[in-house]
Structure formats: C-alpha cells, structure tokens
Amino acid sequence: MHKYKIGQTLDLLPNRGSSSRKAGECKIVALLPYEGHVIQYKVQSVTETHQRIVSENDLQLNAARV
C-alpha cells in the first residue's frame, strides 16, 4: 500500500496547520502500519535532528531526482 520505500529521499511539503514543521528534503526511515485512515511514514529531515511521522500526502518526489 505504501507508495514510497525505506531509504528513499523525498521532499517534505510545508505544513498546512499550525506545526513548526519546515518543508525540505527528508529520508524515509520506516513504513508505519496502515490503520484505515492514512498511510504514514517515519522520516528524518536533512536539516533536523529528530524524526517525524508524516502522512503520504505530505511527501512528494523531487522533480530533480525523477
């Protein structure tokens, strides 16, 4: 069901909510189990030290890497 794979580098889109999450390049660290509402991933941003859990809709392929 997951569109992306562990180790893949993608663009994290800017957050549309009130979070401080920044847009930028990130790497897929883990595929999270599908729970019936959204497909989620654990990602590591190249500019931050912590990992985040994001939905598939918050990620996109970088046109330069396609």
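**View 1. Strands E3 and E4 pair in the antiparallel sense.** Strand E3 covers residues 40–45, and 5 bridges tie it to E4. The model shown here and in the other views is predicted. A hairpin of 5 residues leads from E3 to E4. Lysine 42 faces isoleucine 53 of E4. Valine 43 has arginine 52 in E4 as its bridge partner.

**View 2. Glutamate 48 and arginine 52 form a salt bridge.** Their side chains meet at 3.1 Å, N to O. The structure holds 1 salt bridge. Are glutamate 48 and arginine 52 buried or exposed? Both are buried. Arginine 52 also appears in the first view, as the bridge partner of valine 43.

**View 3. An open sheet is built from 5 strands.** The order across the sheet is E4-E3-E2-E1-E5, with antiparallel pairing. Strand E4 spans 51–55 and strand E5 spans 59–60; each stands at an edge with a single partner strand, so one side of each has no neighbour in the sheet. Strands of a sheet pair through backbone hydrogen bonds, either parallel or antiparallel.

**View 4. The largest nonpolar core gathers 10 residues.** Which residues make up this core? They are Tyr4, Leu10, Leu12, Cys26, Ile28, Ile39, Tyr41, Val43, Val54 and Leu59. Strand E1 (9–12), strand E2 (24–31) and E3 each supply at least two of them. Val43 belongs to this core, and valine 43 is also the residue bridged to arginine 52.

**View 5. Leucine 59 makes contacts with residues beyond its sequence neighbours.** Neighbours within four places in sequence are left aside here. Among its contacts are Tyr4, Leu10, Leu12, Cys26, Ile28, Tyr41, Val43 and Val54. Asp11 and Leu13 are also in contact with leucine 59. Leu59 is itself a member of the largest nonpolar core. Strand E5, at residues 59–60, stands at an edge of the sheet.

**View 6. The whole chain has 5 strands and 0 helices.** From the N terminus on, its elements run β-β-β-β-β. The chain has 66 residues, and buried residues make up 32% of them. What share of contacts between residues at least 6 apart in sequence joins residues at least 24 apart? That share is 40%. The accessible surface comes to about 4,400 Å². Carbon and sulfur atoms account for 51% of that surface.

Conventions
Residues numbered from 1 in each chain as written. Predicted model: local features only at pLDDT ≥ 70, side-chain atom pairs only at ≥ 80, totals over all residues. Heavy atoms only, no water. Pairing = 2+ DSSP bridges. Helix = DSSP H or I, 4+ residues; strand = E, 2+ residues; numbered from the N terminus. Core = buried A, V, L, I, M, F, W, Y, C linked by side-chain atoms within 4.5 Å. Buried < 20%, exposed > 50% of the residue type's maximum accessible area, 1.4 Å probe, protein only. Contact = heavy atoms within 4.5 Å. Areas by Shrake-Rupley, 256 points an atom, 1.4 Å probe, with all protein chains shown as cover. Salt bridge = Lys/Arg side-chain N within 4 Å of Asp/Glu carboxyl O.
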